[in-house]
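Here is a friendly walk through one model, meant to be read with the structure open beside you. Take your time and turn the view as you go.

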Protein chains: 2
Amino acid sequence: MHEPNPFQQFMEAVVPGSPSRALTARLRGLGRTLSIEKGRIAKLDRDCDQIVYVFEGATKLVAQASGGREQVVAFHFAGDLVSVPARALHSYALTGLMNTQVLAFPAASLVGAAVDAPLLLTEVLERSMAALHRCRDKAVGLGRKSARERVASFLTAMCERIGTRHRDRLRLDLPMSRRDIGDSLGLTIETISRQFGELRASGLIETTGRSTVDILDPVALAGCAGHFSDTVD
Amino acid sequence: MHEPNPFQQFMEAVVPGSPSRALTARLRGLGRTLSIEKGRIAKLDRDCDQIVYVFEGATKLVAQASGGREQVVAFHFAGDLVSVPARALHSYALTGLMNTQVLAFPAASLVGAAVDAPLLLTEVLERSMAALHRCRDKAVGLGRKSARERVASFLTAMCERIGTRHRDRLRLDLPMSRRDIGDSLGLTIETISRQFGELRASGLIETTGRSTVDILDPVALAGCAGHFSDTVD
DNA sequence: TGAAGTCATTGACCTGGGTCAATGAAACCA
DNA sequence: TGGTTTCATTGACCCAGGTCAATGACTTCA
């Protein structure tokens with residue numbers, strides 16, 4: 001048994017069934033493995049849309065508006081597939097939250113190569129629809145929610161993605177800074193900090209160091225998130 | 001030559017090439033045509049995700065958060081394909097902005113039927129990625145832009161989708177109300193109204209009645225949108 | 001292990017856009 | 001064609017969250 005290989009793992013994770021030798025070879029030729037250091041921008045091909053598989057680590061996809069304002073559009077962890085547009089209204093960059101390994105494909109070629117591999121196409125389609133639905137949920141948060149609701153919503157979502165059990169409490173080890181969280185929620189670091197403070201004061205969470213958050217009352221926290229089933233008023 | 005038929009038009013628009021008889025029959029069996037009256041919610045199957053083709057008219061996809069707050073997640077016009085999730089963090093509804101005809105498919109069945117039709121899959125994938133990229137651009141606006149920038153951005157985007165030439169000026173006939181615009185931009189109707197007023201005062205636009213907007217200076221308007229190429233500061 | 005640098009917290013103050021309320025203009029309808 | 005309803009505009013006021021500034025707590029690396 002040897003080192004896990006990014007390409008092999010990509011094939012297992014996103015190409016279900018047993019792909020043909022030809023497809024495997026074709027995809028292997030298309031994918032470029034990249035490592036992204038913590039805080040650095042991935043040197044992706046900026047000429048065409050890219051589809052990036054996160055093999056190990058964590059990334060953020062950041063949009064740049066005028067005036068140096070940044071919006072984190074999504075966070076990604078190992079196993080995730082990210083679509084990075086070459087040209088849109090804003091300029092997008094994929095940045096490492098820690099040292100990260102990814103596999104990058106030109107979107108058009110990947111889709112082209114998958115003409116005979118409906119399962120690959122289907123998998124990519126499924127994942128991009130899931131991303132669309134998450135992005136819409138994020139838009140609701142950005143457009144219509146208070147700082148408290150956004151932070152509660154963020155913590156709840158993070159629990160589901162990277163939460164761990166630690167001596168029978170729910171623990172979160174956040175790989176992103178307060179600034180990243182702020183840039184993701186459309187808030188400032190000061191507001192994030194104040195919200196963390198208030199959640200701490202209410203006994204919903206407990207924090208240790210800069211990145212560890214223990215969720216003491218996940219149900220109450222989710223109740224603060226302002227989602228629809230929270231039929232309040 | 002007879003009445004254009006929603007299903008035929010759907011096939012021409014989203015299934016490139018010449019689809020097999022079998023596929024055509026299969027898809028015909030899956031699609032349900034619906035008409036959505038102005039202001040009414042489409043009676044879609046809420047049990048599974050739906051993919052909806054807008055044949056004629058215009059719609060909005062609205063998310064409902066707690067406390068009666070609404071966020072318009074996207075507007076759609078004839079020829080657009082919309083993905084409507086059955087279950088997400090918020091509750092989504094597709095609503096007619098005018099009397100509208102659509103063709104609705106259960107997403108899973110549509111994808112299942114397309115296993116042998118890579119061109120259909122590719123088309124759906126391409127459109128949903130485009131929707132994802134638009135949704136991200138919207139998230140940037142909601143998270144990081146001023147009211148002025150959001151309104152300018154909205155008008156500029158609408159010009160590209162439904163703008164018409166009218167006696168050598170760029171005209172917009174908005175099918176949505178001020179409330180819809182506000183719910184789309186994360187602002188109130190009052191703020192929308194004030195922004196329209198200021199743009200009018202600056203000579204960038206002119207309005208007639210409730211729905212007609214003439215864009216007098218598209219370039220200056222786009223310059224207000226705060227996109228990245230607007231390298232300011 | 002201590003000094004430097006980064007990141008987080010806290011406080012004081014300010015402002016963009018929300019809220020509430022009144023008026024006015026379109027669209028609709030009998 | 002006038003009366004009703006709905007929608008848009010405008011003004012006065014307020015507050016959540018931004019901004020600015022100072023302090024404090026992790027990390028890092030020598």
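## A sheet in chain B

Seven bridges connect strand S3 (residues 58-64) of chain B with S4(B), and the two run antiparallel. Please keep in mind that this is a predicted model. Within this pair, Thr59(B) stands opposite His76(B) in S4(B).

The two strands belong to an open sheet of three strands in chain B, ordered S4-S3-S6 with antiparallel pairing. Strand S4 (70-77) and strand S6 (91-96) of chain B each have a single partner strand, so one side of each has no neighbour in the sheet. On average, neighbouring strands here are turned by 20 degrees against each other, direction ignored.

Which helices lie across these strands? Helix H4 (residues 118-144) of chain A lies across S3, S4 and S6 of chain B, at about 130 degrees to S4(B). Helix H6 (residues 178-185) of chain B lies across S3 and S4 of chain B, and it runs at about 110 degrees to S4(B).

Chain B has a helix H4 (residues 118-144) too, and Glu123(B) is found there. Setting aside residues up to four places away in sequence, Glu123(B) touches Ala13(B), Val14(B) and Pro16(B). From Glu123(B) to Gln71(B), the C-alpha to C-alpha distance is 27 Å, with their positions 52 residues apart in sequence.

## A sheet in chain A

Now turn to chain A, where four strands form an open antiparallel sheet in the order S8-S9-S11-S10. Its edge strands are strand S8 (164-166) and strand S10 (205-208) of chain A, each pairing on one side only. From one strand to the next, the twist averages 35 degrees.

S8(A) is joined to strand S9 (residues 169-173) of chain A by three bridges, and these two strands run antiparallel. Here Thr164(A) stands opposite Arg171(A) in S9(A).

Helix H5 (residues 147-162) of chain A packs on this sheet, where it touches S8, S9, S10 and strand S11 (212-215) of chain A. The direction of H5(A) makes about 95 degrees with that of S9(A). H7(A) also packs on the sheet, touching S10 and S11 of chain A, and its direction makes about 120 degrees with that of S10(A).

## An aromatic pair

Over all chains, the structure holds eight aromatic pairs. In one of them, the rings of Phe10(A) and Phe105(A) have centres 4.8 Å apart and planes at 35 degrees, so this pair counts as tilted. Phe10(A) lies in helix H1 (residues 6-14) of chain A and Phe105(A) in strand S7 (residues 100-106) of chain A, so the pair ties together parts 95 residues apart in sequence.

## Around DNA strand D

How many residues surround DNA strand D? There are 16, and the closest are Ala147(A), Thr191(A), Arg194(A), Arg210(A) and Ser193(B). By class, two of the residues near DNA strand D are nonpolar, six are polar and eight are charged.

Helix H7 (189-201) of chain A and helix H7 (189-201) of chain B each supply at least two residues of this surface. The largest share, four residues, comes from H7(B). Of the atoms of DNA strand D within 4 Å of the protein, 59% belong to sugar or phosphate, and the rest to bases.

## Around DNA strand C

DNA strand C has 17 residues around it, of which Arg178(A), Ser193(A), Ala147(B), Thr191(B) and Arg194(B) come nearest. The surface near DNA strand C has two nonpolar, six polar and nine charged residues.

Helix H6 (178-185) and H7 of chain A, along with H7 of chain B, each supply at least two residues here. H7(A) gives the largest share, four residues. Sugar or phosphate accounts for 61% of the atoms of DNA strand C within 4 Å of the protein, and bases for the rest.

The table sets out some polar contacts to the two DNA strands.

| Protein side | DNA side | Distance |
|---|---|---|
| Gly186(A), backbone N or O atom | strand D, phosphate oxygen | 3.4 Å |
| Glu190(A), side-chain N or O atom | strand D, base nitrogen | 3.0 Å |
| Arg194(A), side-chain N or O atom | strand D, base oxygen | 2.8 Å |
| Arg200(A), polar side-chain atom | strand C, phosphate oxygen | 3.3 Å |
| Ala147(B), polar backbone atom | strand C, phosphate oxygen | 2.8 Å |
| Thr188(B), side-chain N or O atom | strand C, phosphate oxygen | 3.0 Å |

Conventions. Residues numbered from 1 in each chain as written. Chains lettered and ligands numbered in written order. Predicted model: local features only at pLDDT ≥ 70, side-chain atom pairs only at ≥ 80, totals over all residues. Heavy atoms only, no water. Near = heavy atom within 4 Å. Polar contact = N/O pair within 3.5 Å; in protein donor to acceptor, adjacent residues only side chain to side chain. Nonpolar A, V, L, I, M, F, W, Y, C, P; charged D, E, K, R; others polar. Pairing = 2+ DSSP bridges. Axes fitted to C-alpha atoms, helices over the stretch in contact; angles between N-to-C directions. Contact = heavy atoms within 4.5 Å. Phe/Tyr/Trp six-rings, centres within 6.5 Å; stacked < 30°, edge-to-face > 60°.
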